[in-house]
Structure formats: C-alpha cells, structure tokens
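Good morning, everyone. Please take a look at the structure on the screen, and I will walk you through it.

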Amino acid sequence: MHHHHHHHAENEKHAHTHGAVDPTIATTSRGIWAIKWSFVGLGITAVLQAAVFALSGSVALLADTIHNIGDAMTAVPLWIAFLFARRVATRRFGYGFGRVEDLAGAVIVLVILSSAIVAAYQSVDRLLNPQDVELVWAVAAAGAIGFIGNEAVALFRIRVGREINSAALVADGYHARTDGLASLAVVAGAIAIWAGFPIADPIVGLGISALIAKIVYDSAKTVFGRMLDGVDPEVLDNLEHEALHVQGVRDVTSSRARWIGHRLHAEVHLTASKDLSLKEAHELAKRVSHELAHAIPFLGEALIHVEPADHSDAGNNPTSAHKHDGPPLHSH
C-alpha cells in the first residue's frame, strides 16, 4: 500500500489531501439533496390537493393539505443536522457534531408518534359520531394524491437514508409514509360511506393507526438504539474481518463501534508479532486503519490498538484473555 495514509483517526479535515472528497461532506450533500427534492415532492402534492380543494370547497380536505405542509417541516431539523455534521470537531466537541442528527431523528420519531395518536383519535371520533361525506370524488382524489405523493417521497428518503447510513433520514421517510397512509385512510373511509358501509370508515382508520404504531416502534428502535450506541453485530463482524486480512495482523481480540450521526466510530484491538518495533507497530496500525477506511465507506474514525501476540495467548484460545465484562483493562 502506498503511504498517503487516509488514517481517518487523525482528523476528517485531512481527508481531502489525497484527492478524495471528505466523505462527510459527500454524504451530507447527498442527504441535503434528498431533503430538498422531497420538499419539492411534498410541495407538488400539497398544491394538487389544494387545487382539488378549490374545486370542491371541502374544509376537511383543506385540513389534510395543511397537515401535509406542516409535516414537510420535519425535514427542517434534519437539514440543520446535516449542516451541523459538516462542522469540524472542536476541542470541546471532540467527536464532531454528528449527534445532532440523532436528536433530529428523535424529534421525527415523536412527530410520527403524534400522527399515530391523531389518526387513532380521528377514527374513534368517526366511530362515535358518524358523519356524511359530501363530495366523495374530491375526498378520494385528494387522498389518492396525498398517498401517492407521500409514498414516493418516503421511498426516495428511505433509499438515500440507507445509502448514507442515516437513521434520521430513514425515519423521516417512514414519517412521509405515515402521512400517505393517513391520506389513504381518508380515501377508504369516504368510499365506504359512499358505498353505504359507514362503519368500515373508522375500522380502516384504526387498522391504519395500528400500522403507524408499528412504524413508530421500528423507527424508535433504530433511532434510540443509535443514540444508546447500539450497532448491528454484522457491522462489527465486517470490521473484524477486514482487519484480520491486513498483513501482519495475528488476531483481533476485541472491537466496538458506535454511530455518531451517519458516521461509524470504531475501536479495534489486535495482536501482532511481539518482535515488531514501536515504529513497525505504528505502521501496522496505520495500514489497518487505511484498509478499514477503504473497505467500509461509512467509517468516520478507527482507533487501532496493537498488542504483542504472546501477551494475549492464554492457552490455545487467543480471545479468552479479553472477554472481561468491561472493556479491556488496558484500553485508553
């Protein structure tokens, strides 16, 4: 390997020196791009719904349109978070500002939760106070527009969110999906009443509320899991697998990682021949972090700790010495 080491552990600032774009800038640009275009999508949806409203004069529809515009606003905290993520770490905020994204994710989860509660409330209300629907065509048309527009935005945000590993952007995608489902409930209810089965309307509404509750649960698990430094075991397996394949590495004794926004920060403890000089051990650590940076695109920073091989050989099982409950005793 040639030797302009992209040793992420130094600082993201230096990443541009070898001609690559700083990965944080690249991913946040992609995130902001996704937010902008989903804004446009939701804007078009709202305009079309407003047009149907103007033609029909239905107040209920106006409410749905206003609701959609209000919901497009959850993208704002996310936008702010992506702008924050680009800021270089300071002495006070040594890990950078990626966690702002986790906070935005938490806000979005709470918004999804509130829309689940509103949807359930409306369904129960319609169950207790059945109402006639005037202008079924208008309600159905506007609801269909709302569903299609929101679902398109949802798919787009979820795709880009997974691509850049942003839990908050994925959650915002699910948030658009819940809005689409709420519009769908309105359509189904209007058709049910028009067809003479008014009881079907609140039942569909409750079913959709249950669906939204499931989305709240899934999104909360991901977003709060990351806030609590949870990480998928596959990510660690992948990290260890890549480190083991670097020449000179004998074994990986332990590793841990956590997400800070959509960048992964990792610590890897590995063993190498005890004959290595300090300089060679340092070169090995640099080589490992270089390889990891190339193999794992969302890696923000890798801290590599090299230990002499005999030190961890307890019998035949090199990992046994390290499986304490806490971190290894010599971690820094």
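## Salt bridges first

There are ten salt bridges by the usual rule here, with a side-chain nitrogen of Lys or Arg within 4 Å of a carboxyl oxygen of Asp or Glu. Keep in mind that this is a predicted model.

Let me take one of them. Aspartate 229 and arginine 99 meet through their side chains, at 2.7 Å from N to O. These two sit in distant parts of the chain, 130 residues apart. Aspartate 229 is in the loop between H7 and helix H8 (233-244), and arginine 99 is in helix H4. Are they buried, exposed or partly exposed? Aspartate 229 is partly exposed, at 29% relative accessible area. Arginine 99 is partly exposed too, at 28%.

Now stay with aspartate 229. Arginine 258 also forms a salt bridge with aspartate 229, and here the closest N and O atoms are 3.0 Å apart. Again distant parts are linked: arginine 258 belongs to strand E1, and the separation is 29 residues. Arginine 258 is partly exposed, with 29% relative accessibility. Shared partners build a network: Arg99, Asp102, Asp229 and Arg258 are joined in one.

Here is another pair. Arginine 177 and glutamate 151 form a salt bridge, their closest N and O atoms 2.7 Å apart. Arginine 177 is in helix H6, glutamate 151 is in helix H5, and 26 residues separate them. Which side of the buried cut-off does each fall on? Buried means under 20% relative accessible area. Glutamate 151 has 17%, so glutamate 151 is buried. Arginine 177 has 21%, so arginine 177 counts as partly exposed.

Next, the overall layout. The protein chain has ten helices and three strands. Along the sequence, the pattern reads α-α-α-α-α-α-α-α-β-β-α-β-α. The chain has 332 residues, and 45% of them are buried. Take the contacts between residues at least 6 apart in sequence: 72% of these join residues at least 24 apart.

On to the inside. Which residues touch the most other members of the largest nonpolar core? They are Ile35, Leu78, Phe82, Ile112, Leu169 and Ile212, out of 28 residues in that core. Six helices are listed as giving two or more residues to this core: H1 (23-56), H3 (75-85), H4 (99-128), H5 (136-163), H6 (167-194) and H7 (200-227). Look at isoleucine 35. Leaving out residues up to four places away in sequence, isoleucine 35 touches Ala75, Leu78, Trp79, Phe82 and Leu169. Apart from this core lies another, of 23 residues, including Val249 and Leu292.

Now the strands. Strand E1 covers residues 251-260, and eight of its ten residues are buried. E1 and strand E2 (residues 263-272) run antiparallel, joined by nine bridges. What is the bridge partner of isoleucine 260 in E2? The partner is arginine 263. The two strands form a hairpin with two residues between them. Glycine 261, in the turn, has a positive phi of about 65°.

Last, the outside. The chain exposes about 16900 Å², and carbon and sulfur atoms supply 64% of that. One nonpolar patch on the surface is about 540 Å². Val124, Leu127, Leu128, Ile199, Ile203 and Leu206 make this patch. H4 and H7 each give two or more residues. The largest share, three residues, is from H4. Valine 124 is found in H4, and valine 124 is partly exposed, at 38% relative accessible area.

Conventions:
Residues numbered from 1 in each chain as written. Predicted model: local features only at pLDDT ≥ 70, side-chain atom pairs only at ≥ 80, totals over all residues. Heavy atoms only, no water. Core = buried A, V, L, I, M, F, W, Y, C linked by side-chain atoms within 4.5 Å. Buried < 20%, exposed > 50% of the residue type's maximum accessible area, 1.4 Å probe, protein only. Helix = DSSP H or I, 4+ residues; strand = E, 2+ residues; numbered from the N terminus. Contact = heavy atoms within 4.5 Å. Areas by Shrake-Rupley, 256 points an atom, 1.4 Å probe, with all protein chains shown as cover. Patch = residues over 30% accessible without salt bridge, like charges linked within 9 Å, V, L, I, M, F, W, Y side chains within 5 Å. Pairing = 2+ DSSP bridges.
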